[in-house]
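Here is a guided look at one protein chain and the ligand that goes with it. Have the sequence and the 3D view open as you read.

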Amino acid sequence: MTQQKEIMTTQSKELFDIWENSWKEQKPTEFLGRNRAHPSRKEATDQVKAHTDEGDTILEIGPGAGFDYADYFREEAQQGKFNYIMYEGTPRLARSLGRRFPEVTVRNKHLQNIKEEEADVIYVRCVFEHQPNLEDSLPIVLTGAKKAVVVTWFLPPAKVERIYYHPDGHWNNIYAKDSITAIANAQGWQCSCEFYTDGEQSGSNRRYFTQVFTRKA
Ligand SMILES: C[S@@+](CC[C@H](N)C(=O)[O-])C[C@H]1O[C@@H](n2cnc3c(N)ncnc32)[C@H](O)[C@@H]1O
């Protein structure tokens, strides 16, 4: 990787400050409960469904409180239109998801355990930012999908990477778009669609970024 890390450009500093300030206002666990109404959830889950055929398996990584499953997938999953699997690394959250959504296969496992082509479509929202290393985690996720991977970033890509370890005990990294693209391309995937979603209508000043990865022809 030739990306320059640990250097704050104006752009990444601005993003970092937004994150830092919003983090200070909340307890660590509360970040799971924020932005349920953010329109990026609907836009990203629409992309997941657009790549899902009847009977397919959707895998969601790091669903947290399970908002997106409850709001956008549950009804169709219960009708048997697709199978739904969750990989949730936090034990307390995995237990809660399993209790609330008995029709879902919930694995209390980290994404590092995903098997090759385990699902048709993988959905990842606000999770890669927390991984210590995108060079390791993104290829595992891409390998786990047959057709498409939909990724939403709460810290949209910047020109350079900012790798940051939060005192509360987790990473909050901003990745460079060139790195994301290079990693995906090296695995035989391309970004076939990407868009930003503003959140004013939901009362949020956050701008989320969604990318849809598909296998190169
Ligand atoms: C910021 S929360 C996002 C929750 C949810 N996707 C949402 O947007 O509401 C990140 C979630 O990813 C989970 N997580 C972080 N790293 C993970 C990993 N390596 N494998 C599985 N889950 C992970 C955390 O436990 C947490 O539930």
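Six helices and nine strands make up the secondary structure of the protein chain. Please keep in mind that this is a predicted model. Of the 217 residues in the chain, 34% count as buried. Among contacts between residues at least 6 apart in sequence, 71% join residues at least 24 apart.

Let us start inside. The largest nonpolar core has 46 residues, and Ile58, Ile122, Val124, Val141 and Val149 are those with the most contacts inside it. Strand E5 gives this core its largest share, six residues. In soluble globular proteins, nonpolar side chains tend to be buried together. Val124 is a good residue to click on: leaving out residues up to four places away in sequence, Val124 touches Ile61, Gly62, Val141, Val149 and Val151.

Two helices, H2 and H3, can be read side by side.

| Helix | Residues | Span, first to last C-alpha | Expected span at 1.5 Å a residue |
|---|---|---|---|
| H2 (residues 39-50) | twelve residues | 17 Å | 16 Å |
| H3 | twelve residues | 16 Å | 16 Å |

Which residues of H2 are buried? They are Ser40, Arg41, Ala44, Thr45, Gln47 and Val48. These residues lie on the same side of H2, because they cover an arc of only 150° around the axis. On the face turned away from that buried side, H2 carries the exposed residues Asp46 and Ala50. The cover over the buried residues of H2 includes helix H3 (67-78) and the strands E1 (57-61), E4 (119-125), E5 (145-153), E8 and E9 (208-215).

In H3, the buried residues are Asp68, Tyr69 and Phe73. Their arc around the axis is only 65°, so they sit on the same side of H3. Exposed Glu75 and Gln78 are found on the face of H3 turned away from its buried side. H2, E1, strand E2 (83-87) and E4 are among the elements that cover the buried residues of H3. Just after H3, Gly80 takes a positive phi of about 80°.

Now for the loops. Glu117 has a positive phi of about 50° although it is not a glycine. Glu117 belongs to the loop between strand E3 (105-107) and E4. Is Glu117 buried or exposed? Glu117 has 12 other C-beta atoms within 10 Å, so it is exposed. Cys126, also not a glycine, has a positive phi of about 60°. You will find Cys126 in the loop between E4 and helix H5 (134-143). Cys126 counts as partly exposed because it has 18 C-beta neighbours inside 10 Å.

Gly188 is another loop residue, placed between helix H6 (177-186) and strand E8 (189-197). With 10 C-beta neighbours inside 10 Å, Gly188 counts as exposed. Not counting residues up to four places away in sequence, Gly188 touches Arg215 and Lys216. The C-alpha atoms of Gly188 and Thr143 are separated by 9.7 Å, with the two residues 45 residues apart along the chain.

Finally, turn to the ligand. How many residues surround the ligand? There are 20, and the closest are Gly62, Gly64, Gly89, Thr90 and His110. By kind, the shell around the ligand divides into eleven nonpolar, seven polar and two charged residues. Gly62 has already appeared in this tour, as one of the residues that Val124 touches.

How values were computed:
Residues numbered from 1 in each chain as written. Predicted model: local features only at pLDDT ≥ 70, side-chain atom pairs only at ≥ 80, totals over all residues. Helix = DSSP H or I, 4+ residues; strand = E, 2+ residues; numbered from the N terminus. Buried ≥ 20, exposed ≤ 12 C-beta atoms within 10 Å, placed from the backbone. Contact = placed C-beta atoms within 7 Å. Near = placed C-beta within 6 Å. Nonpolar A, V, L, I, M, F, W, Y, C, P; charged D, E, K, R; others polar. Expected span 1.5 Å × (residues − 1). Arc of directions from axis to C-beta. Core = buried A, V, L, I, M, F, W, Y, C linked by C-beta atoms within 7 Å.
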